[in-house]
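Hi,

Here is the structure I promised to pass on. Have a look at it first, and my notes follow underneath.

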Amino acid sequence: MLFTEPMKSVELLILKSDADRVMRYLGFAGCLQLIAESKEGRLPAPEDHDAADLRLRVQSLGRFLALEGTAAVEPSQAPPERGELARRAEHLMAAARPLIDQETALIQKRMGLTQAAEELASFSRLEVALSDVRGLRYLAVRLGSVAPERIGEVTEALSKRAVVVPLEKPGHLMAITPRKGRWALDSELSRFEFQPAQFPADRGGVPGEMLAAIRAELSQVERGLAEVERGKAALRRERGAELLELMAELDLDAAVDAALQTLSSTGSVQKVTGWIPRRRLSAVLEGLEGLTQGRIAVRVFEPEEVAEVKAGKARVPVSTPHGRVNRSFERMVFSYGVPLYGTIDPTPFVAVMFVVLFAIMFGDVGQGFVGVVLGLLINSGRFASFDAYRRKHFGTTFLVVGLASMVSGLLYGSVFANEHLLEPVTMSVTSAVFGRPMSHIISLEGFQKIILFFGVTIGFGAVINSVGLVINIVNLARRRDWEHAILSKTGAAGALFFWYLLSLGARMVFGGPRIGPVDFAAIAVPLLALFFREPLVHLARGHRPLFKEGVFSFVIEGIIEVLESAIYYVSNSVSFLRVAAFALAHTVLSTIVFLLSDMVGGSPGGLFFRVLVILIGNSIIVVLEGLIVTIQVVRLQYYEFFSKFFNETGEQFSPFILRSSGGVR
């Protein structure tokens with residue numbers, strides 16, 4: 001499709017009782033971009049709160065049973081009644097409630113026992129009951145902690161006034177002194193930043209004996225929790241699929257409710273408005289007619305009939321359906337900008353230009369094969385680490401540019417930086433096809449061949465610039481912007497100037513007729529059109545005065561416009577010399593790799609080091625130069641191609657899509 005996809009604005013009036021099934025149908029169809037009536041959305045109704053609360057409780061149950069993944073919901077299936085979903089959820093939660101209560105009680109008990117064990121572990125060296133220690137009448141006992149490295153200092157400082165008992169836990173101690181010396185003990189302990197602690201309030205036996213009993217009780221709790229886990233596993237087997245399906249249904253209901261909150265409704269009627277591709281309209285309306293059994297009113301508008309679009313308050317969303325290859329390059333376009341509705345879709349041109357430019361700069365059969373293998377691995381879906389790249393369609397990008405690099409590598413005669421390996425094959429093929437053997441179909445050796453190669457890349461640049469100009473002129477003409485379509489540097493005037501300069505350059509290179517007065521006149525006409533743009537536009541529109549800011553200002557602006565146009569096209573053309581430069585750099589790097597391999601080949605273990613140098617050298621070329629070439633191609637697309645026609649950006653088509661596994665994307 002050359003242009004962006006034609007769209008229609010559709011307005012649906014349905015009964016609220018049909019809203020769930022209609023929104024599910026539209027969500028699974030994935031072809032309607034909803035038009036929100038309010039950015040804030042209406043306040044949720046009580047039933048919406050109930051649905052959200054039910055969903056949270058079912059999700060909690062799923063987490064309790066450690067259910068992973070979600071069940072797929074059949075897109076053509078009518079949504080179950082929400083009351084039925086609530087009843088199913090209550091039955092499931094009732095089946096799990098004994099396990100939940102049992103696990104909660106056991107976990108709380110384990111927490112209490114664990115805390116008690118930690119407290120008693122500090123006193124495991126004591127062989128007297130804690131009740132006896134707390135009941136001492138003539139002695140003062142201080143329990144607490146200091147920094148572990150200061151235990152020795154504390155013991156030494158208190159040696160004459162108290163007995164210090166280091167406890168099991170690092171830094172913890174118990175100090176005992178006669179009651180009359182308790183104030184001095186407290187004062188001395190404060191010097192060491194002593195942190196007081198308390199004896200376990202509900203424990204009075206011998207710490208070692210109590211600790212053993214608590215650990216035995218903890219083992220019993222752990223066995224109880226293991227039994228609960230077996231019960232959860234049994235419940236997962238019996239009711240897990242049902243719970244997953246219920247979770248998916250509730251996720252879909254939540255997504256539908258969130259969408260409906262942005263749409264207007266009144267009484268028992270729900271209004272749904274949005275944008276839909278024209279090719280999908282008939283099938284969708286037919287499906288809705290059958291789904292609602294005729295309980296639906298439909299109004300369809302052309303984009304130019306929508307009041308907000310006519311007033312410039314809204315844009316028609318842009319849909320650009322692509323095949324597998326073009327889809328892998330659309331990210332490059334949309335990261336720069338979205339084409340305006342009704343204009344030419346540049347993605348197919350970007351795909352071709354990217355592949356060709358990359359292949360020219362990165363021509364090698366072996367290194368291109370690495371890209372092909374990487375693309376196949378990404379597309380295979382067998383490696384989780386590549387999933388993000390597969391979702392972004394990068395696998396197809398690697399595959400296509402890898403194949404193109406292999407083709408250009410055949411022309412250059414390069415395999416993993418070796419420019420002699422293919423010579424026998426190339427000589428046989430060229431002898432049969434051209435009648436004379438050639439070691440390389442395209443050779444970059446020799447000054448004349450290099451100059452010719454630079455000229456060819458400028459020719460490619462001229463083609464790319466010309467395509468951008470044509471796209472811009474056609475887009476502006478379709479938008480009825482005749483001023484910029486004709487009288488701008490990227491319009492017809494600028495294009496004619498550029499193309500005539502190209503023809504003069506071709507005549508000079510190929511020995512055509514000499515440049516004469518007619519040629520100067522042909523160049524002057526589009527430049528004069530650019531120079532006199534302001535008065536010509538005012539004259540055509542009947543505006544007066546012709547020179548709005550005065551003659552002097554008009555002359556200065558005209559001169560700047562002419563000079564800017566000339567510099568613009570010269571710089572755009574010269575910019576493509578980088579294509580030849582990086583192709584030569586690739587050849588030079590390949591030569592360096594084999595020069596280094598030859599240098600180490602004669603040393604002891606030379607074969608090993610030779611192979612090592614070739615492997616490392618090719619790895620550097622594939623990774624480093626591959627990245628640099630990609631950046632250069634993207635730069636040429638953005639600055640030399642997109643700048644011709646991307647004057648404004650549109651709004652990307654973003655349909656309401658429900659996933660069969662529940663939720664929205």
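Let me start in a loop: proline 545 is found between helix H21 (533-541) and helix H22 (551-574). The peptide bond leading into that proline, from arginine 544, is cis, with omega near 0°. Keep in mind that this is a predicted model, so you may want to look at that spot yourself.

Two other backbone spots caught my eye. Histidine 393 has a phi near 65°, which is positive although the residue is not a glycine. Histidine 393 sits in the loop between helix H14 (387-391) and helix H15, and it is partly exposed at 27% relative accessible area. Arginine 480 is the other one, with a positive phi near 60°, again in a residue other than glycine. You'll find arginine 480 in the loop between H17 and helix H18 (482-486), where it is exposed, with a relative accessible area of 59%. As background, most residues other than glycine have a negative phi, and most peptide bonds are trans.

Now the core. The largest nonpolar core has 43 residues, and Leu357, Phe641 and Phe642 touch the most other members. Helices H11 (330-334), H12 (347-361), H15 (394-412), H17 (447-478), H23 (577-601) and H24 (606-645) each give two or more residues to this core. Which of them gives the largest share? That is H12, with 10 residues. Apart from this core lies another one of 26 residues, including Phe64, Leu85, Val221 and Leu235.

H12 deserves a closer look. It has 15 residues and reaches 21 Å from first C-alpha to last, close to the 21 Å expected at 1.5 Å a residue. Most of the helix is covered, with 11 of the 15 residues buried. Among those buried in H12 are Thr347, Met353, Phe354, Leu357, Phe358 and Met361. The buried residues of H12 pack against helix H10 (324-327) as well as H11, H15, H17, H23 and H24. For Leu357 in particular, the contacts are Ile464, Phe576, Val579, Val633 and Leu636, leaving out residues up to four places away in sequence.

H6 (residues 182-190) gives a shorter list: its buried residues are Leu185, Glu188 and Leu189. Seen down the axis of H6, they fall within an arc of 100°, so they line one face of the helix. Strand S3 (139-145), helix H5 (151-157) and strand S5 (172-178) are included in what covers them.

On to the aromatics. There are 23 aromatic pairs in the structure. Phenylalanine 531 and phenylalanine 532 form one of them, edge-to-face, at 5.0 Å centre to centre and 75° between the planes. Buried or partly exposed: where do these two rings' residues fall? Phenylalanine 531 is buried at 18% relative accessible area, while phenylalanine 532 counts as partly exposed at 36%. The dividing value here is 20%, under which a residue is called buried.

Phenylalanine 642 and phenylalanine 646 also pair edge-to-face, at 5.4 Å centre to centre and 85° between the planes. Phenylalanine 642 is buried at 0% relative accessibility, and phenylalanine 646 is buried at 14%. Both belong to one aromatic cluster together with Tyr336, Tyr638, Phe641 and Phe645. Phe641 and Phe642 are also among the residues that touch the most other members of the largest core.

Charges turn up over rings too. Lysine 232 lies over the face of phenylalanine 64, at 4.4 Å from the ring centre. The charged end of arginine 478 sits over the ring of phenylalanine 3, 3.9 Å from its centre.

Last, a residue from the other end of the chain's numbering. Valine 22 is found in helix H1 (residues 19-29) and is buried, with a relative accessible area of 0%. Setting aside neighbours within four places in sequence, valine 22 is in contact with Ile14, Leu288, Leu291 and Thr292. Valine 22 and proline 79 are 57 residues apart in sequence, and their C-alpha atoms are 9.6 Å apart in space.

Best wishes

Methods
Residues are numbered from 1 along each chain as its sequence is written. This is a predicted model: local features need pLDDT of at least 70, side-chain atom pairs count only at pLDDT 80 or more; totals for chains, interfaces and linings use all residues. Side-chain values use heavy atoms; hydrogens and water are left out. A nonpolar core is a set of buried Ala, Val, Leu, Ile, Met, Phe, Trp, Tyr and Cys residues joined through side-chain atoms within 4.5 Å. Buried means under 20% relative accessible area, exposed over 50%, partly exposed in between (1.4 Å probe, protein chains only). Helices (H or I, at least four residues) and strands (E, at least two) are DSSP runs, numbered from the N terminus. Contact means heavy atoms within 4.5 Å. Rings of Phe, Tyr and Trp (its six-membered ring) pair if their centres lie within 6.5 Å; planes under 30 degrees apart count as stacked, over 60 as edge-to-face and the rest as tilted. A charge sits over a ring if NZ of Lys or CZ of Arg is within 6 Å of the ring centre and within 35 degrees of the ring normal. The expected span of a helix is 1.5 Å times one less than its number of residues. The arc is that of the directions from the helix axis to the C-beta atoms.
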